[in-house]
Amino acid sequence: MGRGGDAGAGLGGRPTLRRSRSILDRLSDIRPKQKINDVRSDLTVLKNIWFKKLQDGDHKERLEAFYGPQAHAYDRFRSNFLWGRRPMLAACAARLQGMSNMVWVDLGGGTGENVEFMAEYMDLRAFKAIYVVDLCGALCKQAEKRKERRGWKNVHVIEADACEFAPPEGCATLVTFSYSLSMIPPFYAAVDRACSYLDREEGLLGVTDFFVSSKYDLPMRQMPWLRRFFWRSTFDTDNIDIGPERRNYLDHQLSRVWEYNDEGSIPYVPFLRAPYYVWIGRIPKLETLLVENKVEAPALFPPTFLYTQSWEDPVTDEPVIQINEEDVCLTLTSGGCNSLNLCISGAKAVYSVDCNPAQSALLELKQVAIRQLDFEDVWALFGEGKHPHIERLFESRLAPFLSQASYKFWRTRLHYFREGLYYQGGMGKVVWYLQAMLVWLGMGHSMHQVAYANTLEEQKEAWEGAWFVQLLRHSPLWLLNIIADVLALLFFNRITLWFGGGIPMKQYQLIQNDGVHMASYAARTFDGVAQNSHVRKDNWFYFNCLTGKFARDCCPAYLKEQNFALLKAGAIDRLHIVNGFYMDALTARKYSKANLMDSCDWLCERQARELAAALGRQIVEGGKVIWRSASLSPPYAKYIEQAGFEVRCLQRADQGYMDRVNMYSSFFVATKKASSSSISGRSNGKKAH
């Protein structure tokens with residue numbers, strides 16, 4: 001393993017071995033005063049490495065505490081310690097010769113010295129952009145100084161997390177981790193993120209770092225147990241993990257094209273030689289599975305999903321949001337119906353996010369079913385909500401393609417498809433109890449007539465003929481107040497509203513702030529639907545609630561055979577299911593269309609302001625954001641307007657019937673205004689023309 005010397009770069013950038021210089025040789029080359037200063041700097045670095053106790057705090061704070069005091073002396077000491085940098089850069093440069101207009105992302109790039117080294121192997125002008133990314137602000141300041149000193153115009157120093165950063169170009173030709181991967185606790189997330197924007201045809205990912213082998217490893221990596229124990233425990237004191245897991249994950253994610261293992265000396269530490277490796281890989285031609293993170297629902301969420309279908313009317317949304325083939329959309333998952341509808345409408349990409357992993361599991365099951373099953377099986381599962389052979393179907397056709405989280409969720413809940421999918425989950429249980437109560441109260445026949453009325457007039461007649469509706473229509477005010485209070489106590493209390501209807505406390509308070517009693521709110525919803533929307537032919541939302549299933553001519557778009565064929569032909573591949581919070585998905589990329597649903601009603605003022613600001617940054621000019629609210633005048637609308645949007649209220653419940661759901665009090669659209677710089681640029685362009 002090259003024990004006689006250290007890695008360098010020889011003729012043609014090929015790794016060679018060169019003899020380590022002794023401490024006396026190094027000191028003899030410099031003047032006494034400079035020698036004292038350099039030794040003092042080196043001792044400062046050594047003190048931080050060997051003796052400084054790790055501080056509490058998050059990863060960024062620990063990096064600042066560790067590197068801040070030594071940032072000024074970082075480069076000189078590391079140049080005689082981090083022996084893998086030059087051979088890695090040389091190996092990458094040799095494979096990029098002749099290419100131009102490239103993008104290089106150096107993750108954990110520190111002071112930017114790698115850029116200086118790369119200039120020895122290839123012309124930096126071949127890169128249209130070089131991003132030196134580091135989470136440590138002290139090192140980024142040193143990189144900025146180097147950039148100014150060298151006059152680099154295409155180098156950008158970015159203080160950011162490698163697990164979250166992506167180049168604005170959206171694609172990188174070269175991504176490097178130079179002694180940084182071992183310092184990133186969620187290393188798999190950093191590698192996954194890098195792979196997400198690495199050029200799939202020409203891109204290279206280069207890594208160099210310290211390492212120890214596993215007990216049984218590749219021959220050129222293998223080392224005895226004592227060295228494994230010593231080096232891993234030594235680096236672990238500085239929160240640096242040099243175990244084999246990181247390189248094993250690289251081997252899993254990418255195709256290895258070149259590797260080099262060696263040892264290098266450590267300044268002022270005789271006899272000890274730290275093992276390091278250089279690894280170069282590409283995106284494999286066959287797709288590989290990304291590591292799946294363990295996800296859990298937030299506190300107070302039920303152990304299953306709240307919604308079995310989406311409760312926003314896409315017929316109302318479509319003419320407002322106007323999806324086209326270039327749109328990148330962000331939406332909440334909910335029941336997943338509207339996420340699939342965006343794919344059917346032709347969006348370029350649809351990111352569907354939910355903090356409840358059970359909602360993601362429901363949508364993922366729909367996605368896998370569309371890919372793997374024929375239409376009749378999909379209809380049985382999600383149209384009828386029941387399948388006679390669900391166990392066999394799940395084991396042989398669905399489970400092999402589900403993520404681990406979704407597989408674990410569904411394997412213990414296959415009874416949903418025996419008992420009826422739409423009687424499950426929070427709202428499903430409410431529907432089941434509501435149907436049982438209607439039968440018990442002698443209204444079962446009336447509601448059956450409402451559900452299966454041939455015309456809207458027949459539906460109205462059946463609705464008005466129900467004894468409870470007549471009671472509400474003709475009761476004196478004092479009796480109405482008693483009925484409203486009893487209903488509020490039984491069905492519209494905070495616990496039932498949250499676990500059954502997904503209505504949190506903040507949304508409940510918005511309704512109260514409008515001066516509307518919860519019983520009156522519900523009556524407005526249901527009476528509006530009964531009077532204005534033909535349930536049997538045109539309102540699958542309430543037909544499902546009354547019957548526990550959909551009808552073939554009254555169902556969400558993805559359950560229509562022609563749309564199913566479109567999804568199966570490839571449109572379903574535009575759907576990306578994200579477990580997590582809306583804000584995290586929003587800040588991950590730019591979007592042209594976004595649907596907030598009613599999620600802003602759940603936020604406190606600080607969260608609403610942060611979301612509005614993020615929308616202002618992430619929604620492109622001309623992009624649209626739509627949302628609904630349980631409030632007639634939601635207070636957060638002004639924050640979105642202040643973030644650079646033209647905000648319009650399209651509908652209010654106090655002005656009449658809203659839509660087929662009729663569950664919200666207002667419907668808004670916000671259009672992103674052009675920035676002042678863009679307006680100025682267009683004006684200047686017109687003048688020049």
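The following exercises concern one sheet and one serine of a predicted model.

**Exercise 1.** Determine the strand order of the open sheet of seven strands, and state which strands stand at its edges.

*Solution.* Step 1: the order reads β12-β11-β10-β13-β14-β16-β15, and the pairing is mixed. Step 2: β12 (575-579) and β15 (645-652) each have a single partner strand, so one side of each lacks a neighbour in the sheet and these two stand at the edges. Step 3: from one strand to the next, the twist averages 15 degrees.

**Exercise 2.** Establish in which sense β10 and β13 pair, and which helix packs on the sheet.

*Solution.* Step 1: strands of a sheet pair through backbone hydrogen bonds, either parallel or antiparallel. Step 2: strand β10 (residues 328-332) and strand β13 (residues 591-597) are joined in the parallel sense over three bridges. Step 3: within this pair, Ala 594 of β13 is the residue opposite Leu 330. Step 4: helix α30 (residues 605-618) packs on the sheet and touches β13, β14 (619-629), β15 and β16. The direction of α30 makes about 145 degrees with that of β14.

**Exercise 3.** Decide whether Ser 666 is buried or exposed, and describe its surroundings.

*Solution.* Step 1: Ser 666 belongs to strand β16 (residues 666-672). Step 2: buried means under 20% relative accessible area; Ser 666 has 0% relative accessibility and therefore counts as buried. Step 3: a polar atom of the Ser 666 side chain lies 2.6 Å from the backbone oxygen of Ser 631. Step 4: beyond four places in sequence, the contacts of Ser 666 include Trp 627, Arg 628, Leu 632, Cys 649 and Met 658.

Methods: Residues numbered from 1 in each chain as written. Predicted model: local features only at pLDDT ≥ 70, side-chain atom pairs only at ≥ 80, totals over all residues. Heavy atoms only, no water. Helix = DSSP H or I, 4+ residues; strand = E, 2+ residues; numbered from the N terminus. Buried < 20%, exposed > 50% of the residue type's maximum accessible area, 1.4 Å probe, protein only. Polar contact = N/O pair within 3.5 Å; in protein donor to acceptor, adjacent residues only side chain to side chain. Contact = heavy atoms within 4.5 Å. Pairing = 2+ DSSP bridges. Axes fitted to C-alpha atoms, helices over the stretch in contact; angles between N-to-C directions.
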